[in-house]
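Here are a few exercises to work through at your own pace. Have the structure open beside you, and try each task before reading its solution.

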Amino acid sequence: ATEGVEVFIPLIKYFLVVVFVLITHFILTYSILLRLFSNLSIYSFYTKLKALIIFTFSTSSSNASIPYTLNTVVQKYGVDKSFASVSIPLGATINMDGTAIMQGCAAYFLASYYGINLAFSDMITIILTATIASVGTAGIPSAGIIMLSLILTELGIPLEGITLLLGVDRLLDMMRTSVNVTGDTCITCVVAKSEGLINIKN
């Protein structure tokens with residue numbers, strides 16, 4: 001109400017960009033990893049992922065989905081439980097691809113919104129800080145938006161800009177959680193395959 005209707009146009013653009021990058025990462029990055037480092041079927045991987053995606057999308061929490069993710073990886077993908085029991089909780093803690101993507105896009109969006117020109121060094125700062133912040137982000141709903149303050153502080157962007165993002169962050173949080181958990185599942189399967197700890201017939 002304070003900023004006016006005009007704020008919705010750039011906010012919608014920000015939302016669409018984040019969604020596009022998340023979907024691209026979800027489809028391309030994990031498909032490439034599966035293709036390069038294992039002989040697992042990409043189609044089969046994504047087909048078995050449907051129920052897990054729905055679950056993580058609804059909870060918006062990597063940590064809350066650990067039991068379900070673990071069960072999915074063991075039962076549907078055939079990963080050895082002893083290995084999955086280590087890999088999945090570890091991934092839920094440090095693997096936050098979707099969160100890092102959101103934080104990078106959000107930092108660039110807010111810099112543009114406030115008319116702050118970012119140099120190449122600032123871009124590097126965003127990448128490094130977003131990566132580190134995402135690793136330290138708790139696997140609970142909306143934790144990523146709080147950790148965004150670290151990046152904004154580094155770049156000198158007003159922290160009150162975060163309030164502009166809150167209107168669309170809930171839906172983005174649901175999406176990035178699904179991307180994060182997909183990454184946990186993908187890497188677990190790839191490493192399990194390399195170590196002979198997966199039953200491909202499953």
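A residue is called buried when its relative accessible area is under 20%, exposed when that value is over 50%, and partly exposed in between. Keep in mind that this is a predicted model.

**Exercise 1. Ile126 and its surroundings**

Task: Find the helix that holds Ile126, decide whether Ile126 is buried or exposed, and list its contacts beyond four places in sequence.

Solution:
- Step 1. Locate the residue: Ile126 sits in helix 7, which covers residues 120–135.
- Step 2. Apply the cut-off: Ile126 has a relative accessibility of 6%, so it counts as buried.
- Step 3. Look for partners: leaving out residues up to four places away in sequence, Ile126 touches Gly104, Ala107, Leu118, Ile151 and Leu155.
- Step 4. Take one of these partners and compare sequence with space: Ala107 is 19 residues from Ile126 in sequence, while their C-alpha atoms are 7.3 Å apart.

**Exercise 2. Helix 6**

Task: Compare the span of helix 6 with the expected one, then work out how enclosed this helix is.

Solution:
- Step 1. Count and span: helix 6 runs over residues 97–113, which makes 17 residues, and it reaches 24 Å from its first C-alpha to its last.
- Step 2. Compare: at 1.5 Å a residue, 24 Å is expected, and the span of helix 6 is close to that.
- Step 3. Check burial: 13 of the 17 residues in helix 6 are buried, so the rest of the structure largely encloses this helix.
- Step 4. Step past the end: just after helix 6, Gly115 has a positive phi of about 70 degrees.

**Exercise 3. His25 and Leu28 in helix 1**

Task: Classify His25 and Leu28 by accessibility, and describe what surrounds each of them.

Solution:
- Step 1. Place them: Leu28 belongs to helix 1, residues 8–37, and His25 lies in helix 1 as well.
- Step 2. Classify: the relative accessible area of His25 is 16%, so His25 is buried; for Leu28 it is 48%, so Leu28 is partly exposed.
- Step 3. Follow the polar contacts of His25: its side chain meets the side chain of Tyr30 at 3.4 Å and that of Asp97 at 3.1 Å.
- Step 4. Widen the view: beyond four places in sequence, His25 touches Tyr30, Asp97, Ile101 and Val179.
- Step 5. Turn to the surface: Leu28 is part of a nonpolar patch with Ile23, Ile27, Ile32, Leu36 and Phe37, and together they have about 590 Å² of accessible area.

**Exercise 4. From Ser38 to Phe45**

Task: Describe the setting of Ser38 in its loop and of Phe45 in its helix.

Solution:
- Step 1. Start in the loop between helix 1 and helix 2, where Ser38 is found. Its relative accessible area is 12%, so Ser38 is buried.
- Step 2. Trace the side chain of Ser38: it reaches the backbone oxygen of Leu34 at 2.8 Å and the backbone nitrogen of Leu40 at 3.4 Å.
- Step 3. Add the contacts beyond four places in sequence: for Ser38 these are Leu33, Val190 and Lys193.
- Step 4. Move on to helix 2, residues 42–47, which holds Phe45. With 3% relative accessibility, Phe45 counts as buried.
- Step 5. List its partners: apart from neighbours within four places in sequence, Phe45 is in contact with Leu34, Tyr77, Thr182, Thr185, Cys186 and Cys189.
- Step 6. Compare one pair: Phe45 and Thr182 are 137 residues apart in sequence, yet 9.8 Å apart from C-alpha to C-alpha.

Key:
Residues numbered from 1 in each chain as written. Predicted model: local features only at pLDDT ≥ 70, side-chain atom pairs only at ≥ 80, totals over all residues. Heavy atoms only, no water. Helix = DSSP H or I, 4+ residues; strand = E, 2+ residues; numbered from the N terminus. Expected span 1.5 Å × (residues − 1). Buried < 20%, exposed > 50% of the residue type's maximum accessible area, 1.4 Å probe, protein only. Patch = residues over 30% accessible without salt bridge, like charges linked within 9 Å, V, L, I, M, F, W, Y side chains within 5 Å. Areas by Shrake-Rupley, 256 points an atom, 1.4 Å probe, with all protein chains shown as cover. Salt bridge = Lys/Arg side-chain N within 4 Å of Asp/Glu carboxyl O. Polar contact = N/O pair within 3.5 Å; in protein donor to acceptor, adjacent residues only side chain to side chain. Contact = heavy atoms within 4.5 Å.
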